[in-house]
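This report looks at enclosed space inside a protein model, and then at one loop residue and one pair of packed helices.

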Amino acid sequence: MVHKQIKRFVDVILKLNQVQSKTCTFAITALKDGYSINSDDQDSDTAPLLEKEVEKITVPPKCCSVRCNLAALMFFGFAVVYGLRVNLSVAMVAMVNGTNNQPSSNSNISNECPVPTHTLDNNSQSSEQPDGIPRYPWNPEMQGMLLSAFFFGYLFTQIPGGYLSGRFGGSLFLGGGVLGTAVLTLLTPLSAQLGAKWLFALRALEGFGEGVTFPAMMAMWARWAPPLERARLMTFSGAGSSFGAFVALPLTGFICHSLGWPAVFYSCGSVGCLWAVFWFILVSDEPRTHPRISDREKCYIINSIGSQGTPHGWSVPVLSMLFSVPLWAIIIPQMCSNWSYYTLLTSLPTYMDSVLHFDLRQNSFLSALPYLAGWLFSVGSGVLADNLLERELLSVTAVRKLFTFIGLFLPAVFLLAVGFTGCSGVLAVTFLTLSSAFGGFSAAGVYINQIDIAPRYAGTLLGITNTFGTIPGVLAPIVVGYLTKDHSVTGWRHVFWLSAGVSAFGAIFYVIFGTGKIQSWARTDEESDTDTHN
């Protein structure tokens with residue numbers, strides 16, 4: 001009996017030593033036995049993502065880990081990205097000469113909603129600019145074109161950015177994209193003085209630089225995010241976009257009122273340049289090359305991701321991607337979701353100004369509320385999604401479908417309700433906030449589905465899906481400008497109803513065709529050989 005106890009004690013000690021060794025023996029054994037999330041077994045969608053015993057022993061603490069620090073840096077980076085993107089939406093109210101963008105006197109419907117007395121008294125003060133600040137006679141159609149200019153450039157660098165990030169690593173492209181956009185933002189006041197065409201070209205160039213950022217993020221997480229932490233890490237870092245919009249919108253309104261609209265672009269551009277300095281000093285493309293990561297965390301990340309965490313090389317299976325139904329199941333819903341998102345992102349301040357008659361400071365603060373709700377719900381959705389997977393309550397496919405349906409269909413219901421609010425600012429803001437809040441659930445659904453179906457090509461796939469997803473960013477402001485040229489409640493009702501219908505269609509489409517299983521064309525040669533032997 002004593003002999004058996006001593007032997008058992010020695011075995012435990014040996015196992016602990018093996019866990020602490022740099023070779024990460026247990027994790028490698030788990031991968032060989034088929035417990036990686038990236039294996040493509042028939043039951044991979046319902047099998048444990050990592051062997052429970054191995055996971056409990058080898059997972060290093062999350063607090064202050066390098067991967068969590070990376071998520072925090074990305075969070076603030078995307079906050080800057082969206083601050084650079086939305087600043088024009090609020091600044092446009094101050095940049096435009098109000099006497100030149102009102103409905104014509106023969107319009108059938110104008111000023112349907114009564115202007116509150118306090119707003120009437122404060123409007124002239126809040127929209128006034130300090131002496132010497134120019135204002136421009138841009139009509140609603142021209143404003144729509146300027147707001148959509150960013151997305152013309154944004155279209156062209158998504159796929160190249162994803163491909164190159166997957167080949168060489170994403171840190172250079174993400175940091176360089178933010179830095180380039182920030183520098184161009186500093187030139188916005190000058191380009192506006194030169195004319196609308198110059199401003200359109202500058203905004204398109206900003207979109208060109210920013211187009212690589214999200215594909216680069218996805219390529220980096222393909223090498224950094226352990227399978228059971230993907231949703232929370234990716235949703236947290238991506239939630240910086242909603243946080244950035246939440247902070248930038250009221251701050252932009254305050255700066256416009258206090259210092260004049262040019263100061264908005266100088267401050268946003270300066271913050272972007274400062275962030276880029278920290279990014280290039282602190283970030284590496286992958287755990288293998290990071291100088292300050294612990295051996296334990298490095299082994300955990302590398303071995304939990306497996307061979308899918310390696311660069312994909314120069315060639316990619318383009319034809320297989322083109323005819324992949326799961327990929328199109330991501331593209332279509334993202335286009336539908338982005339139609340609503342970009343409609344609000346670019347046009348909500350105009351709606352609150354021209355229909356609900358909020359003054360500039362009220363406008364910017366209330367326009368930010370939906371993004372605060374979206375930020376909180378998106379972060380929470382990532383934690384909830386990972387918990388469902390860790391406890392094996394739902395498969396990856398079921399989790400992605402559930403969160404996508406909640407994140408697209410419920411926002412459609414609330415957008416539909418906005419169309420019936422008429423002149424009630426309280427109801428309109430409430431429904432818009434609820435719509436954005438539930439929209440945050442899609443962050444743990446369709447928006448991270450690329451890394452489920454093809455981890456090695458996640459950056460390239462996000463480039464493809466974002467390219468299609470940017471089309472609504474180009475078209476939505478133009479359509480809004482056309483539908484609302486008379487500033488009527490009816491015109492805006494059509495805007496919200498159109499957005500609701502498009503979003504609901506995307507939810508249904510994903511539920512039918514979406515999946516969380518890795519695709520055969522995304523497997524490495526090593527995985528293919530393993531499957532053949534099995």
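The account below begins with the cavities and ends with the helix pair.

The model is predicted, and every value that follows was computed from it. Eleven cavities of 30 Å³ or more are counted, and the two largest are set side by side here.

| Cavity | Volume | Lining residues | Lining by class |
|---|---|---|---|
| Largest cavity | about 750 Å³ | 39 residues | 18 nonpolar, 21 polar, no charged residues |
| Second largest cavity | about 120 Å³ | 13 residues | five nonpolar, eight polar, no charged residues |

In the largest cavity, with its volume of about 750 Å³, the lining residues closest to the centre are Ser241, Asn338, Tyr341, Ser442 and Tyr447. Two or more lining residues come from each of the helices α11 (213-224), α12 (230-238), α13 (240-259), α17 (325-354), α18 (360-390), α19 (396-418), α20 (425-439) and α22 (458-483). The greatest contribution is that of α17, which gives seven residues to this lining. No charged residue is found among the lining residues of the largest cavity, which are made up of 18 nonpolar and 21 polar ones.

The second largest cavity holds about 120 Å³ of space, and the lining residues closest to its centre are Pro140, Gln143, Thr350, Val480 and Gly481. At least two residues of this lining are supplied by each of α6 (140-154), α17 and α22, and α6 gives the most, with four residues. Here too the lining has no charged residues, being divided into five nonpolar and eight polar ones.

Turning to the loop residue, is Asn449 buried or exposed? Asn449 lies in the loop between α20 and α21 (450-453), and it counts as buried because its relative accessibility is 0%, where the cut-off for buried is under 20%. When neighbours within four places in sequence are left aside, the residues in contact with Asn449 are Ile330, Arg400, Tyr510, Thr515 and Gly516.

The helix α22, which contributes to the linings of both cavities, also packs against α23 (residues 489-513), at an angle of about 150° and with the two axes 8 Å apart. Since angles over 145 degrees count as roughly antiparallel, α22 is therefore roughly antiparallel to α23. On the α22 side the contact is made by Val479, Val480 and Leu483, and on the α23 side by Gly491, Trp492, His494, Val495 and Leu498. By class, the residues of this contact are six nonpolar and two polar, with no charged ones. Val480 thus appears in two places in this report, as one of the residues closest to the centre of the second largest cavity and as part of the contact of α22 with α23.

Terms used. Residues are numbered from 1 along each chain as its sequence is written. This is a predicted model: local features need pLDDT of at least 70, side-chain atom pairs count only at pLDDT 80 or more; totals for chains, interfaces and linings use all residues. Side-chain values use heavy atoms; hydrogens and water are left out. On a 1 Å grid over the protein atoms alone, a cavity is a set of points where a 1.4 Å probe fits but cannot get out, and a pocket is an open set with protein on both sides within 12 Å along at least five of seven lines; lining residues have an atom within 4 Å of a point. Grid points are joined across faces, edges and corners, and a volume is the space filled by probe spheres set on the points. Ala, Val, Leu, Ile, Met, Phe, Trp, Tyr, Cys and Pro count as nonpolar, Asp, Glu, Lys and Arg as charged, and the others, Gly among them, as polar. Buried means under 20% relative accessible area, exposed over 50%, partly exposed in between (1.4 Å probe, protein chains only). Contact means heavy atoms within 4.5 Å. Axes are lines fitted to C-alpha atoms, for helices over the stretch in contact, and angles run from 0 to 180 degrees between N-to-C directions. Angles under 35 degrees count as roughly parallel, over 145 as roughly antiparallel, 65 to 115 as roughly perpendicular and the rest as oblique.
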